[in-house]
Structures are given as C-alpha cells and as structure tokens.
Amino acid sequence: MIQDISPHMLRNQYDPSARPEPGDFVLLFDGSQLLLGRGGWFPRLEELGEGSYTYLFTVDKTRYFLAEPPKAIPEGFAFRDVKQLRREQELPKEQIFAALTGKHLADWYRDTRFCGRCGVRMIHSPTERARKCPACGCTAYPRIMPAVIVGVKNKDRLLITRYREGFSHNALIAGFTEIGETAEETVAREVMEETGLRVKNIRYYKSQPWGIANDLLLGFFCQLDGDDTIRMDERELKYAQWVPREQIQLQPDDFSLTNEMMARFKTGAEK
C-alpha cells in the first residue's frame, strides 16, 4: 500500500525549531496541484529562495517543508495534479507517499488560517502540531476523517463496484463515518445505502492513511446477510456486481487498501 515504504521511514513528529536549509525538499501546493520539476522532482530550498516555510516531516534524513506560493515559479517547474503521481509513478514510492501526506497537512494549514470561533488569524503552537487562536485560545489539530472500505463476501463472490465519477477502476463499497456512528455501523449503513444489501459478521482487517482526501481508511470484511439482489444507488455508483474470485480485475497499482483487499479475496487468502 502507499504507506508501505520500508526500508524508508516517515518521521512525522512535530519540530517547532526546524528551519529550512539548502537540500531540504519543498512541497508547494495550489489546491490539488503540486509544484514539480521536469521528470517529477520536488523543488529544493535553494531553488525557491526566501519565503515562508513550515516544517512538515522527515523521510529517512530528508526534511520536507511546506511553502507559501512565491511571486514567480522557478524555471523548469510547473504545477501538476497530485493524483498524477499515483497514475504515472515517476517518483520513488516514498516520495509519492510524502507528497500525499504533505497535501493532507497543506489542506489543514490552508483551512485553519483563521479561527473558526472568533475569526482572528491563527498562529502555530510552540509545542505541538496545532494552530492556536491568540484571542480566544481555540486550538485546532490536524483533521483526519475516518472512512470505511468494505469487502462484502457472498460465498466465492465479492461485491465489486465502480464509482460514478473519478477513479475508473474496480473498487469496493466505501464511505465516511458519520457523527455518533461506530465504524461497524458505517459499514452496514454504507452497504445498505449503495447496494440495498444487509451484512453480518463485520470484521476489521487493516487501516491506511489516504492524504488525497484527508482520510484514515478502515478496511472491513463482512458476509452477505439474506437476499443477494443488488439495488444500486446510481448517484454514487455506475457498477455493482457479485464477481467470482477468479474473475476479479485488480487496480493497476498496489497503492490502495481497496486493491489489497480485492487481491486477498482473489487469491483465496480471505475465504
């Protein structure tokens, strides 16, 4: 999966004393667009020059900083959609993971410039990864949205879906956890809402950070409970079918929890 970068290691501890130095990587986002050079490399500090930089994390011994957009883009660099990193895989996997994790933090920093309680400009906490309001004391921590990925089993068949928009390859039932809901309740609700099916024996499998959407994905397997007639929500999905394990078509890369779960069922590791 995208976070499986061994022997490389992400060190995401906050370091308020970190200051950028030549050789450090810089992540500069404009919405979903990331500044990249020809061949897909990240700019380094010396290529962007003076500006406003926020320490993000370290991968192995390479430090990553978030930059505010400069007045001019250096020659040889251009903005590209961060999702292209997954599709084209020009960069090493640990750098793709760094970019997606950096986007998660960049979105949070962008959205917490001002206090949501009183509107005053927020400042960095001197002790932890948090934004603090100097007027009312409100503290905002990085937002992580839990969502479920669901492998619904029906004997030797798995419920395979495709989204109405966006990602065009095979997927599983997925959805965000609502307030007041357990993850297991999310599983049952999302399966019912998207396909009209009931499930039982809900069992947690594995989790995955997914910085593209600021998620923490929680994978579950479960079994069909009763009638297997699919009543697909056409607003969410364009495809939902029971697919025999030997006919399951996997995604074109090994980045996602969804693909690992489909592969596990396809090979018989998940009965």
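Visitor: Is aspartate 233 buried or exposed?
Guide: Keep in mind that this is a predicted model. The relative accessible area of aspartate 233 comes out at 13%. The cut-off for buried is under 20%. So aspartate 233 is buried.

Visitor: Which residue does aspartate 233 form a salt bridge with?
Guide: Side chains of opposite charge can pair when their charged atoms come close. For aspartate 233, the closest N and O atoms of the pair are 3.1 Å apart. The partner has 71% relative accessibility and therefore counts as exposed. That partner is arginine 235.

Visitor: Arginine 157 and aspartate 228 also meet in a salt bridge, so how many residues apart are they?
Guide: Their side chains meet at 3.2 Å, N to O. Arginine 157 sits in strand β12, while aspartate 228 belongs to the loop between β15 and β16. The pair links distant parts of the chain, with a separation of 71 residues.

Visitor: And is aspartate 228 buried or partly exposed?
Guide: Its salt-bridge partner, arginine 157, has a relative accessible area of 26% and is partly exposed. Aspartate 228 has 29% relative accessibility. Buried would need a value under 20%, so aspartate 228 counts as partly exposed.

Visitor: Which residue forms a salt bridge with arginine 110?
Guide: Arginine 110 is partly exposed, at 38% relative accessible area. Its partner is partly exposed too, at 42%. The closest N and O atoms of the two are 2.8 Å apart. The partner is aspartate 111.

Visitor: Which residues are linked with Arg110 and Asp111 in a network of salt bridges?
Guide: The structure holds 17 salt bridges. Arg110 and Asp111 belong to a network of them. The other names in that network are Lys103, Asp107 and Arg143.

Visitor: How many residues of helix α3 are buried?
Guide: Helix α3 covers residues 93-111 and reaches 27 Å from its first C-alpha to its last, close to the 27 Å expected at 1.5 Å a residue. The helix is mostly covered. Out of its 19 residues, the buried count is 16.

Visitor: How far does helix α4 reach from its first C-alpha to its last?
Guide: Helix α4 runs over residues 183-195, which makes 13 residues. At 1.5 Å a residue, 18 Å is expected, and the helix comes close to that. Its reach is 18 Å.

Visitor: What covers the buried residues of α4?
Guide: The buried residues of α4 include Ala183, Val187, Val191 and Thr195. Several strands help to cover the buried residues of this helix. Among them are β11, β12, β13, β14, β15 and β16.

Visitor: Which residue follows α4, and what is its phi?
Guide: Right after α4 comes glycine 196. Its phi is positive, near 75°.

Visitor: How many bridges join β11 to β15?
Guide: β11 is mostly covered, with eight of its ten residues buried. It pairs with β13 in the antiparallel sense over four bridges, and two bridges join it to β12, also antiparallel. With β15, β11 runs parallel, and the number of bridges is nine.

Visitor: Which residue in β12 is the bridge partner of lysine 153?
Guide: Lysine 153 also stands opposite glutamine 223 in β15. The hairpin of β11 and β12 has two residues between the strands, and lysine 155 there takes a positive phi near 60°. In β12, the bridge partner of lysine 153 is leucine 158.

Visitor: Why is one side of β3 and of β7 left without a neighbour in the sheet?
Guide: Three strands form an open, antiparallel sheet in the order β3-β4-β7. β3 and β7 stand at the edges, so one side of each has no neighbour in the sheet. The reason is that each has a single partner strand.

Visitor: How many disulfides are there?
Guide: A disulfide needs two cysteine sulfur atoms within 2.5 Å. For cysteine 115, the nearest cysteine sulfur is that of cysteine 136, 3.7 Å away. For cysteine 118, it is that of cysteine 133, 3.5 Å away. The count of disulfides is zero.

Visitor: Which residue's backbone oxygen lies 3.0 Å from a polar atom of the side chain of glutamine 251?
Guide: Glutamine 251 is in the loop between β16 and α5, and at 8% relative accessibility it counts as buried. Its contacts beyond four places in sequence include Arg86, Phe167 and Met262. The backbone oxygen in question belongs to asparagine 170.

Note on methods: Residues are numbered from 1 along each chain as its sequence is written. This is a predicted model: local features need pLDDT of at least 70, side-chain atom pairs count only at pLDDT 80 or more; totals for chains, interfaces and linings use all residues. Side-chain values use heavy atoms; hydrogens and water are left out. The expected span of a helix is 1.5 Å times one less than its number of residues. Buried means under 20% relative accessible area, exposed over 50%, partly exposed in between (1.4 Å probe, protein chains only). Contact means heavy atoms within 4.5 Å. Two strands pair if DSSP finds at least two bridges between them. A polar contact is a pair of N or O atoms within 3.5 Å; within protein, one must be able to donate a hydrogen and the other to accept it, and residues adjacent in sequence count only if both atoms are side-chain atoms. A salt bridge is a side-chain nitrogen of Lys or Arg within 4 Å of a carboxyl oxygen of Asp or Glu.
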